[in-house]
Amino acid sequence: MASLPPGLWDLTMSRISSPAVRLGRLGFAHSARNNAQAALARAPGSTGPPPFPLSPAPAQNDLYNRGTLGRRKPGRSGALTPRSEKVQQKQSLGGAIAELENRVKALKEAADVEVMAAGDLVFSEKELLGMYEDLLAHPQQEQPTPTLPASNPEADLVTLHRLEQELLQISSEPEVFYDTPLVSRLRAKSATAATPTSDTPLVGELHHRVLKLANARLDRLESLQPSSSTSSVPIVLFSLHEYEALTRTCIDKNDLEAAEGVLHLMKRSALPIPEAALTAVLQRHTEAADVHRAEMCLANFLTGAPTLPQRHLHVKCHLKATPRDRVPESALAVLHSYEGQGHPAPMKTYTSAISALYSTNLSIARAQAWDLFSHMRYVAHPTPDVVLYTAMIRACASAINPARGAEPERALDLWTEMTVEKGMKPTVETYNAVILACARSGRKEYVNEGFRIAKQMLDANRDAYGRSAYLPNRRTLCALLEGAKRIGDLARARWILADMVRSDAGKEEGVNEEIMMHVFHTYTAYVPPFTRHLAVVVPGKGPAAVQDTELATDAPPAPPRSQRFTRVPPQTSNEVMEEVQALFQRVLEDTGRDTTGSATDTGMFSGEKKFQHVEFTTRLVNSYLAVFYQHSSLQASAALFSEVWERVGCTPDPRSYLEALERCARSKRGRERHVGLEFAERVWKEWRALEDSRRGLDPRMVERAHVAFMRVLALNDQLQRALDLVKAFAQRYPPSQLREVPAKPGFRANRTALVGARPLVRLTAPNEVPDDGVPPLLMFSDLEILHHRLVAAGMTPGIGYVKYISKAYEWALRARRDSVMRARSASVQADGV
């Protein structure tokens, strides 16, 4: 009985322990459950009342007057149960127990039947594996459908040869289509025309010969038609399959003029031009960025509204024809024109336009991209797809205002909206975008969130064999390194580099120039935990150690003695420099620029060439020099700057000179300032030559370079030269240039309207868009060191000039800001509003 179910055990004990007339408080508690258990205990298929009667619940007065053991309480009235009735109760109870045993036996038999039935549903390991493979299989991406039906080029060639022979044969036979006298006279006149025959040789490509014969045949048939005919009868020269073969041949030959000739032949034949043929020709014009021919093709051969692929190609052609440093205004105008006609472009068109706007690196274009995104959700497509969500999340990594950095909050909001609210499945590029947006914020909490999302990417959606559907690629690792370098997390950066070297050695997806650039930047931002001047100096060993350190720091960079990676990150600046030089030396060896083998002999990254895909670029060398600027002496940095460019075969860019000048402006007191002045003089000559010969430099870089060299002169007490430099800067970039406000484009108009060639809903306010066209300027914070030095030297005229020029730039900048905020677009001025 102990193996009975709990409900059945309670029912049994209640029947055995106390009669129905002696039920206490537990009687009501168990009555409902006992009835249910008794009903469940019945045999399957049985009908009628339960096998034993359930005792009725005692009356309420009896419950109050009787105890749990059936004894009379003093002072209460009640009759005693006769002995004969007790005997009857015992007999009925014995029968109930016997019936209960039968029911328990029936329950056991039913349980055995269920166990046997369940035992038949046992799957083998192979069947279970197949079931889990189907349940956990990764969804396959849809393949794009071809524009024209795919065919065999040899079969198309055979078709064209057959068409040529048929046209030659038909040209030599008399016409049999019409029998009227008018047609006979027309046939007689057309007989004198130069019609190709089988005896007349034709020259040129095969598709040219077929087109020439077809046009001649069509001219002859048109001349035979009655001129009074009001409806044009379709003239079927070829079948649809033959027209497609002729169009494919012209496109494969890249003969777009002949392809348009095929479309013109179909139009003359009064046949509907297939959408696939027109779209294929339009796509070739889009690839060539030929806007004029694309629009002429639509105007000549399009009879109704353009289809979704044709609208997309039309806008894309304008996007490709616009230079990357300009806003694609014509493409935006065409896009809004389709909206005004009630035929909005597909979502991929908006995605292409937003990507083109963000690729210009203009603040006004980035603001327009966000406005176009919000406008699309109100006008055309309320729910973006995964590709557009990915593009907007990646846009959060490059904020509209570069001074504010990335926008991880907006990126995470879009990520949550896509994955949680819309239930869309992200892609690897979506994960890369949200990780990059968190990494570029530069805040530790968001960088850690990016690493958490990367871990979720690896652990989510695994198949039956444990393989993740989202395998990280090089973009993923670059995004993680972007976050590690911004917070100076060298441990994570070293771990990522070691993992890539161990797993992707010799592969195209291995270590490349961008990976090494991020690694060097991480070494630059890394702060070693050990500070030498805070360490306790052992008596008798301190001066020698300090002297050896100074000699090692001031000496030109040389291959270190130990070039092995350890589990512990470098603890001092010297150890940082050893690791960085070892990495750079190994890259030189694997790329064939150095054959000394100093790094290979030490066993560092032993094995095959694991850095062979690293390409030396200017930004890679700049990142390598940045480590020296931060962790080495200025003398060593100057020596490396002179030799590294010739060693790797690269040319410095404006950022190379700017970072060198800013390092000289941070020189310490003593001998380092004299070294910094000599180094800055050399770099400044090259910068001035670059500034004079090269136009289009970033204004912020120009002013930073001038401020850095002015600081170097001021720190070395060459105040008059520094003052002359400020005067030359003000003469070349006068404050009056700041008052020249550019015209506000029409697509940035803020007038409220329901229809227009601009976004009707905006996400960016005018004061959130920075002005990229501000010329170089000088503020008082830039001239503060020079001002202090002039005050200490008592040069009153110089002090007055510094105050004057800084205030002049400040007021000119304020006037420019007010003019930009009050500016009105050309479209609004034309409307007279």
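**Exercise 1. Is Phe 679 buried or exposed?**

Step 1. Keep in mind that you're working with a predicted model.
Step 2. Look up the relative accessible area of Phe 679, which is 1%.
Step 3. Buried means under 20%, so Phe 679 is buried.

**Exercise 2. Work out how Phe 679 pairs with Phe 641, and which parts of the chain the pair links.**

Step 1. Start with the two numbers you need: a pair of aromatic rings is described by the distance of the centres and the angle of the planes.
Step 2. For Phe 641 and Phe 679, the ring centres are 5.5 Å apart and the planes stand at 65 degrees.
Step 3. Planes over 60 degrees apart count as edge-to-face, so that's the label for this pair.
Step 4. Now place the residues. Phe 641 belongs to helix H28 (residues 634–648) and Phe 679 to helix H30 (residues 671–693), so we have a link between distant parts of the chain, 38 residues apart.
Step 5. Check the partner too: Phe 641 has 6% relative accessibility and counts as buried.

**Exercise 3. Find out how many aromatic pairs the whole structure has, then describe the one made by Phe 584 and Phe 616.**

Step 1. Searching the whole structure gives 16 aromatic pairs.
Step 2. In the pair of Phe 584 and Phe 616, the centres are 5.7 Å apart and the planes meet at 80 degrees, so this pair is edge-to-face.
Step 3. Phe 584 is in helix H25 (residues 573–590), while Phe 616 is in the loop between helix H26 (598–601) and helix H27 (618–631), so parts 32 residues apart in sequence get tied together.
Step 4. Phe 584 and Phe 616 are both buried.
Step 5. Zoom out a little: these two share one aromatic cluster with Phe 520, Tyr 624 and Phe 628.

**Exercise 4. Find the ring that the charged end of Arg 492 sits over, and the ring that Lys 727 lies over.**

Step 1. Arg 492 has its charged end over the ring of Phe 451, 4.0 Å from the centre of that ring.
Step 2. Lys 727 lies over the face of Tyr 801, with 5.5 Å to the ring centre.

**Exercise 5. Explore the largest nonpolar core, using Leu 786 as your guide.**

Step 1. This core has 145 residues, and the ones touching the most other members are Met 516 and Leu 786.
Step 2. Helix H31 (residues 699–715) supplies the largest share, ten residues.
Step 3. Skip the neighbours of Leu 786 within four places in sequence, and its contacts are Met 710, Ala 714, Leu 719, Ala 722, Leu 723, Val 726 and Val 802.
Step 4. Another core, of 30 residues, lies apart from this one; Leu 163, Leu 168, Val 210 and Leu 211 are among its members.

**Exercise 6. Why is helix H17 largely enclosed by the rest of the structure?**

Step 1. Count the residues: H17 runs over residues 386–395, and seven of its ten residues are buried, so the rest of the structure largely encloses it.
Step 2. Name the buried ones: Val 386, Leu 388, Tyr 389, Thr 390, Met 392, Ile 393 and Ala 395.
Step 3. See what covers them. The cover includes helices H15 (347–358), H16 (363–379), H18 (408–421) and H19 (428–439).

**Exercise 7. Compare the settings of three salt bridges.**

Step 1. Recall the idea: side chains of opposite charge can pair when their charged atoms come close. The count here is 29 salt bridges.
Step 2. Arg 162 and Glu 242 form one, with their closest N and O atoms 3.0 Å apart. Arg 162 lies in helix H6 (residues 153–171) and Glu 242 in helix H9 (residues 240–252), so the pair ties together parts 80 residues apart in sequence. Arg 162 is partly exposed at 36%, whereas Glu 242 is buried at 10%.
Step 3. Asp 590 and Arg 586 also meet in a salt bridge, at 3.0 Å from N to O. Both sit in helix H25, four residues apart, or about one turn of the helix, and both are buried.
Step 4. Asp 717 pairs with Arg 789, again with closest N and O atoms 3.0 Å apart. Asp 717 is in the loop between H31 and helix H32 (719–732) and Arg 789 in helix H33 (residues 784–793), so this salt bridge ties together parts 72 residues apart in sequence. Asp 717 is exposed at 55%, and Arg 789 is partly exposed at 27%.

**Exercise 8. Decide where to be careful with the model.**

Step 1. The mean pLDDT of the chain is 79, with 71% of residues reaching 70 or more.
Step 2. Residues 18–79 have a pLDDT below 50, and residues 174–202 stay under 50.
Step 3. Where pLDDT is low, the predicted coordinates should not be read in detail.

How values were computed: Residues are numbered from 1 along each chain as its sequence is written. Side-chain values use heavy atoms; hydrogens and water are left out. Rings of Phe, Tyr and Trp (its six-membered ring) pair if their centres lie within 6.5 Å; planes under 30 degrees apart count as stacked, over 60 as edge-to-face and the rest as tilted. Helices (H or I, at least four residues) and strands (E, at least two) are DSSP runs, numbered from the N terminus. Buried means under 20% relative accessible area, exposed over 50%, partly exposed in between (1.4 Å probe, protein chains only). A charge sits over a ring if NZ of Lys or CZ of Arg is within 6 Å of the ring centre and within 35 degrees of the ring normal. A nonpolar core is a set of buried Ala, Val, Leu, Ile, Met, Phe, Trp, Tyr and Cys residues joined through side-chain atoms within 4.5 Å. Contact means heavy atoms within 4.5 Å. A salt bridge is a side-chain nitrogen of Lys or Arg within 4 Å of a carboxyl oxygen of Asp or Glu. pLDDT is the predictor's confidence in each residue, from 0 to 100.
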